[in-house]
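Let's take a walk through this structure together, starting where the chains meet and ending with some backbone oddities. Keep the viewer open as you read.

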2 protein chains.
Amino acid sequence: MKQKITLKHIARELGVSISTVSKALKNSEEISVDTKEKIQAFAKLYNYKPNNIAVSLKNKRTKNIGVVIPDIVHHFFTTVFRGIEKYANGQGYNVIICVSDESFDKEVINMEMLNNGSIDGFIMSLSAETQQKNDINHLREVVDQGIPLVLFDRVTDDIDCDKVILNDREIAYKATVKLLEEGRKRIALATTESYFNVSEKRAEGYKQALTEYGIELDDNLVLVLPYDDIKEEVINDFFEREAVDAVLSVNEIFAIQCMSVAKKRGMKIPEDISFIGFTDGLLSRYSNPRLTVVAQHGVTMGEEAAKMLIDRVEREIDGNDEEAYRTHIVEATIIERESTKN
Amino acid sequence: MKQKITLKHIARELGVSISTVSKALKNSEEISVDTKEKIQAFAKLYNYKPNNIAVSLKNKRTKNIGVVIPDIVHHFFTTVFRGIEKYANGQGYNVIICVSDESFDKEVINMEMLNNGSIDGFIMSLSAETQQKNDINHLREVVDQGIPLVLFDRVTDDIDCDKVILNDREIAYKATVKLLEEGRKRIALATTESYFNVSEKRAEGYKQALTEYGIELDDNLVLVLPYDDIKEEVINDFFEREAVDAVLSVNEIFAIQCMSVAKKRGMKIPEDISFIGFTDGLLSRYSNPRLTVVAQHGVTMGEEAAKMLIDRVEREIDGNDEEAYRTHIVEATIIERESTKN
């Protein structure tokens, strides 16, 4: 049984991380000479070929697009995926998805698996762990090989490629101003760990609005929640500790959960407290009260990402890709429902 | 630029459907001799090879699993996917997903794309259109080629392969009995078109319970809703026309939407009307009132499907696959919340 040797095999065989293997094969100075020599010798022995795709790509067009996203449970990512499919299918392309589950290793493994000649290019949003480690060798490799790559939403400034992002900073500013104009003074920010570039941008917009309205920033009003498995007690303790009259949430799940706890504590929405959440999903539409949201226009983001990728693939095939990389900004909008005063 | 010829190319080139091409290449009697000759000649001319995968599989193991599901928006399918990933990753397998969007053509195209040697086997739930047409040549082909296939949830009796299903009939019976025991007399069934085998089985359980409790079946109480883009007026007209004191819904979205309309009409839940929906998703947990549901244990279904597939892949590689096909039945349970009288 012949099996292609992959980064994962090498890592397992030598008892090191995938990231170490990837760096060693690129001769990174972060890795000790000893480890590098061992890994490079092993890769040579088993005939590891990182570049086999670039070769196959030049010869064959697959009309397939590979999409790597952090999860398929959040409404936002599934909506972007629908946009990608809509545009790609219209152009005769098929779409394959892999899910990183917020794991760096899974992101690398998935990319390596897809990057064996079965796709023409990648559309990706980075995993939490990739953003946390800021290890982007696997992306650099793809770009170096000439494989078209479009990043959306969770992007990195350290990779030069096409990108589709939301005007996160501006819309968070606008949402916060809306709450301030309602007369709110103690506005909480329900957010994720700050290594998500989008959460960071949203926090900047939130802070800018408060500062402009002469409200002193209070770190105690920033509620950092885990991405999965949120405990109700954590939210309850927060409300117990802080007098809060509004919450801006970086996703709809946090907002719905905070609303649920606030209601249990006897607070009236929006009389006593207002809520705005990012993502216009089913949860927001059927919650009680219905949630005022920042609509991220995921379908538009997906369509734009697919268009950028396919345009580049087709220019490359025509041997005519000299276009500079672009960053397309999708403008979010606020949809007013029942969780804010209108 | 060399491109592998696919069913889709042949269909487009000759202006016929993918289904016709597939049947013609299998020499089906449903297709006229003239059309068959034309398609077969074209396939020969362009060297179409339907069997290239079987060959590659025998030589190489990819440690990848292909999953083809109808959508990634419904909580149930994403949950099953998580179960598949959980088990498969634990065994060192990666998972690739393609989405059929309920389209027969997309299902066929996706399978053909994955089935080029990049995966060891398929886990699938059939698209609405595939169930409606009952055209399963593409599944038969995969099975004939010796590629392991596990069907889950939306399965067909016409294909002999491993299957994972829910005890749909029994749990729908139990849910209906629960409503009857509450004293409900006019129980509606909110369902999809009957060509979904799961909806049909749930309808059988619902009818059996009513009959056993001496309640005459009334087709006017069956509300058939489209899978997407449900109009509130349709539900409102239904409540206007029929006096209903309970609703059993085949998915959580229909249940949530019916609850929303009932509340607008001034009905009290669960005093005036009870609701039970299939799928224990986020919507059910955060709805108001919180929805009593049939938990389908999607993660368990996914894990079981992955286990069946991987066991078969590994037996086959060992040249030792004589195991008969199995159908594993996952037992659903009812989770009581606020939309029924307890």
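What follows goes from the interface to one buried residue and then to the backbone. Bear in mind that this is a predicted model.

Start with the place where the chains touch. Chain A and chain B each put 38 residues into the contact. Between them the two chains bury about 3500 Å², and 61% of that is on carbon and sulfur atoms.

Which elements supply the chain B side? Those giving two or more residues to the side that touches chain A are helix 5 (75-90), strand 2 (94-99), helix 6 (104-114), helix 12 (252-264) and helix 13 of chain B. Strand 2 of chain B gives the most, with six residues. Sort the chain B side by residue class and you get 17 nonpolar, eleven polar and ten charged residues.

Now for the polar side of things. The rule finds two salt bridges across the interface of chain B and chain A. One of them pairs Lys106(B) with Glu85(A), with the closest N and O atoms 2.5 Å apart. Seven residue pairs, with both residues at pLDDT 80 or more, are in polar contact across the interface of chain B and chain A.

Next, zoom in on Asn64(A), which sits in strand 1 (residues 64-69) of chain A. Is Asn64(A) buried or exposed? Its relative accessible area is 7%, and the cut-off for buried is under 20%, so Asn64(A) counts as buried. Setting aside neighbours within four places in sequence, Asn64(A) is in contact with Tyr93(A), Asn94(A), Ser118(A), Ile119(A), Asp120(A) and Gly121(A), and also with Met113(B) from the other chain.

Then there's the backbone. In chain A, a cis peptide bond joins Asn288(A) and Pro289(A), with omega at about -5°. Pro289(A) lies in the loop between helix 13 (282-286) and strand 10 (292-295) of chain A. Chain B also has a cis bond, between Asn288(B) and Pro289(B), and omega there is about -5°. Pro289(B) is in the loop between helix 13 (282-286) and strand 10 (292-295) of chain B.

Two spots in chain A have a positive phi without being glycine. Asp101(A) has phi of about 55° and belongs to the loop between strand 2 (94-99) and helix 6 (104-114) of chain A. With a relative accessible area of 38%, Asp101(A) is partly exposed. For His297(A), phi is near 50°, and the residue is in the loop between strand 10 and helix 14 (298-317) of chain A. His297(A) is partly exposed too, at 31% relative accessible area.

Key:
Residues numbered from 1 in each chain as written. Chains lettered and ligands numbered in written order. Predicted model: local features only at pLDDT ≥ 70, side-chain atom pairs only at ≥ 80, totals over all residues. Heavy atoms only, no water. Helix = DSSP H or I, 4+ residues; strand = E, 2+ residues; numbered from the N terminus. Buried < 20%, exposed > 50% of the residue type's maximum accessible area, 1.4 Å probe, protein only. Contact = heavy atoms within 4.5 Å. Buried area = accessible area lost by both parts, 1.4 Å probe. Salt bridge = Lys/Arg side-chain N within 4 Å of Asp/Glu carboxyl O. Polar contact = N/O pair within 3.5 Å; in protein donor to acceptor, adjacent residues only side chain to side chain. Nonpolar A, V, L, I, M, F, W, Y, C, P; charged D, E, K, R; others polar.
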